[in-house]
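Open the model in your viewer and set it to cartoon. The stops below go from the sheet to the helices and then to the metal site.

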Amino acid sequence: MMAALKIVELGEPVLRQQCRKVTVINKKIKKLLDGMRETMYRSNGVGLAAPQVGVSKRIVVVDVGKGVWELINPEIVFQEGEEMGVEGCLSIPGVAGEVNRAARVRVRALDRQGRQQVITAEGLGARALQHEIDHLDGILFIDRAVKIGRQES
Ligand code: NI
C-alpha cells in the first residue's frame, strides 16, 4: 500500500511559488500522482495540488465523486458564470471561507500517459479545479475569500 505524503501548511514557501511545467512524465511523476491520490483520499479532501506535498510542479488530483481526475499541466481554457461557495484547504486546517468562482470551467491537461484530456465541470467540480489550479500559481483560497472564519472539525 502506498504511504500518504506529508501535507505542507501555510507558511511553507513552496505554497507561494509559481510551479514548473512537467516536461517528461516518467516513473517519478506517476509515483507522485499515486501518492497525491492516496493522500487526498486519506485526508478526505476533494483535491490536492503538488505544492501541497512540497513539489513545485504543475500537477493536481481532484475527485468530486466521479472518479479521480489526474491533471498534468492543467489550464483553464474556458469559464463562465459565477458562484459563491464555501472552501477549505488541507494546507490551511481549521479555516473556511466564501469564495466567488466561475460556475463552469473547461480544463485541458495531460493524463499520466501524456495524452491530452479535456474536462468540463460545474458546481463542486468546477470549484475544486479552480482552487487546485490556483495552487500552481501560489494562490490560496484565503487570498480570494470574501469572508473567512473558523471551520468546526
Ligand atoms: Ni487547497
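This is a tour of a predicted model.

Start with the sheet. Select the 5 strands that form it; the sheet is open, its order is S1-S2-S3-S6-S7, and the pairing is antiparallel. Colour residues 47-49 and 116-122 next: these are S1 and S7, the edge strands, each of which pairs on one side only. Looking across the sheet, the twist averages 35 degrees from one strand to the next.

Zoom in on S1 and add S2, residues 59-62; the two run antiparallel and are joined by 3 bridges. Show Leu-48, whose bridge partner in S2 is Val-61.

Now bring in the helices. Select residues 27-42 for helix H1, which lies across S1, S2 and S3 (69-80) and runs at about 40 degrees to S2. Then select residues 123-135, helix H2, which packs on the sheet and touches S1, S2, S3, S6 (104-110) and S7. The direction of H2 makes about 125 degrees with that of S7.

Finish at the metal. Which residues coordinate the nickel ion? Show Cys-89 (SG), His-131 (NE2) and His-135 (NE2) as sticks; their distances to the ion are 2.1 to 2.3 Å. Along the sequence, these donor residues follow the spacing C-x41-H-x3-H. Cys-89 lies in the loop between strand S4 (83-87) and strand S5 (95-101), while His-135 is in helix H2, so the pair ties together parts 46 residues apart in sequence.

Switch on a surface to end. Are Cys-89 and His-135 buried or exposed? Cys-89 is buried, at a relative accessible area of 9%, and His-135 is buried as well, at 1%.

Technical notes: Residues numbered from 1 in each chain as written. Predicted model: local features only at pLDDT ≥ 70, side-chain atom pairs only at ≥ 80, totals over all residues. Heavy atoms only, no water. Pairing = 2+ DSSP bridges. Helix = DSSP H or I, 4+ residues; strand = E, 2+ residues; numbered from the N terminus. Axes fitted to C-alpha atoms, helices over the stretch in contact; angles between N-to-C directions. Contact = heavy atoms within 4.5 Å. Donors = N, O, S within 2.8 Å, 3.2 Å for Na, K, Ca; no water. Buried < 20%, exposed > 50% of the residue type's maximum accessible area, 1.4 Å probe, protein only.
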